[in-house]
Structure formats: structure tokens, C-alpha cells
Amino acid sequence: MAEKDLNELFLHTLKDIYYAEKQILKALPKMAKAANSDDLRAAFERHLDETETHVERLDNIFELLGKAARGKKCDAIEGIIDEGEEIMEEYAGTPALDAGLLAAAQAVEHYEISRYGTLKAWARKLNMPEAIKLLDQTLAEEKKTDETLSKIAETAVNYRAAA
Ligand SMILES: [Fe+2]
Ligand SMILES: [Fe+2]
């Protein structure tokens with residue numbers, strides 16, 4: 001692939017994850033509000049703060065590229081978030097609600113991990129050390145959040161849902 005094409009693909013994917021992060025910023029407060037478990041609510045609230053930083057890091061990368069920070073509608077994240085909202089409605093007031101919220105949140109994190117992993121690999125290929133550093137910081141936070149959610153699921157939430 002020519003360098004120019006990979007540059008374009010990088011920018012395209014940057015716009016995709018920028019749009020996704022903005023959607024996640026809107027979804028997380030609703031998920032925190034819906035959660036029954038205090039641990040789960042705290043995890044969502046903490047990740048909301050981190051997500052604001054993820055947007056700022058993406059702003060920085062757009063700036064490094066000399067491009068305007070702009071999102072591009074991402075159908076994948078819309079679908080994942082829609083499914084989460086469906087679960088919030090269908091399982092409201094049931095013991096399984098938190099398990100459903102966790103599953104939806106982990107689908108979001110896995111999507112982000114996939115995107116940031118790809119962008120980091122491409123930034124390496126395109127020799128963009130500053131971007132690599134920023135992408136790596138966010139990637140680490142997405143992975144840590146996924147692990148935290150797994151732990152909450154194993155220790156409390158799924159157990160309660162099954163009881
Ligand atoms: Fe994020
Ligand atoms: Fe995330």
C-alpha cells in the first residue's frame with residue numbers, strides 16, 4: 001500500500017473513533033444512572049472522565065496532522081450503543097440489568113481496543129511517534145476498563161443475576 005493511502009486510512013479511522021468517543025460520552029452517564037451496583041456505577045463514572053481525555057488526545061492527533069477534528073458517523077458504535085439502550089429498557093428493574101449493562105459496556109471497550117490497536121500500528125508504520133504515545137495511553141485505559149468490568153462481572157453482578 002502506498003504511504004498516501006495509509007495516511008488517508010489513518011485519518012478516516014481517526015474520524016471514526018472520534019465520532020465513537022463522542023457517542024460514548026453521551027451513553028456513559030445514562031449507563032451510570034441505570035446501574036444498580038455501586039461498583040459498576042463508579043466504574044462508568046471513572047471511565048466517563050477518561051473518555052473526555054480520549055477526545056482531547058484525538059484532538060491533539062488531528063492537530064499533529066494539521067487537520068480539523070471532525071467525526072464521521074460510525075455505524076458499528078451506533079449499533080453497539082443501541083443494543084445497550086435496548087437492554088436498559090427491557091431489563092429495567094430486574095436483577096439481570098447490571099449483567100446486561102456490563103455486556104454492552106464491554107462490547108464498547110472491545111470496539112475501542114480494536115480501533116486504537118489498529119491506529120497505533122498504522123501510526124508506527126507512518127512514523128508518528130507523538131501519535132503513537134497518545135494512542136497508547138488511551139489504549140491502556142480502554143484495556144484497564146475492560147479488565148475492571150470483567151472483575152465486577154465475576155465478583156458480583158453475574159452472580160446476582162443468576163441467583
Ligand atoms: Fe475511549
Ligand atoms: Fe472506553
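Which residues are the protein donors of the iron ion (ligand 2)? They are His47 (through NE2), Glu109 (through OE, listed twice), Glu112 (OE) and Glu142 (OE), at 2.0 to 2.6 Å from the ion. Donors here are N, O and S atoms within 2.8 Å of the metal (3.2 Å for Na, K and Ca), and water is not among the atoms, so sites may look incomplete.

Before going on, a word on what you're looking at. This is a predicted model, where local features need pLDDT of at least 70 and side-chain atom pairs count only at pLDDT 80 or more, while totals for chains, interfaces and linings use all residues. Residues are numbered from 1 along each chain as its sequence is written, chains are lettered from A and ligands numbered from 1 in the order in which they are written, and side-chain values use heavy atoms, leaving out hydrogens and water.

Back to the metal. Along the sequence, the donor residues follow the spacing H-x61-E-x2-E-x29-E. The iron ion (ligand 1) sits 3.4 Å from the iron ion (ligand 2), and Glu112 coordinates both. Glu112 belongs to helix 4 (residues 97–125) and Glu142 to helix 5 (residues 129–162), so this pair ties together parts 30 residues apart in sequence. Helices are DSSP runs (H or I, at least four residues), numbered from the N terminus. Both Glu112 and Glu142 are buried, meaning under 20% relative accessible area, with exposed being over 50% and partly exposed in between (1.4 Å probe, protein chains only).

Now look at how helix 2 (residues 38–65) meets helix 4: their axes are 13 Å apart, at an angle of about 20°. Axes are lines fitted to C-alpha atoms over the stretch in contact, and angles run from 0 to 180 degrees between N-to-C directions. Helix 2 and helix 4 are therefore roughly parallel, the word used for angles under 35 degrees. Among the residues making the contact (heavy atoms within 4.5 Å) are His47 of helix 2 and Glu109 and Glu112 of helix 4.

For another buried spot, try Ile77 in helix 3 (residues 75–90). Its relative accessibility is 0%, so Ile77 counts as buried. Ile77 and Ala20 are 57 residues apart in sequence, yet their C-alpha atoms are 5.9 Å apart. Leaving aside residues up to four places away in sequence, Ile77 touches Tyr19, Ala20, Gln23, Ile24, Val108 and Tyr111.

Finally, find Asn127 in the loop between helix 4 and helix 5. Asn127 is exposed, at 64% relative accessible area. Most residues other than glycine have a negative phi, but Asn127, not a glycine, has a positive phi of about 60°.

Technical notes
Helix = DSSP H or I, 4+ residues; strand = E, 2+ residues; numbered from the N terminus. Parallel < 35°, antiparallel > 145°, perpendicular 65-115°, else oblique.
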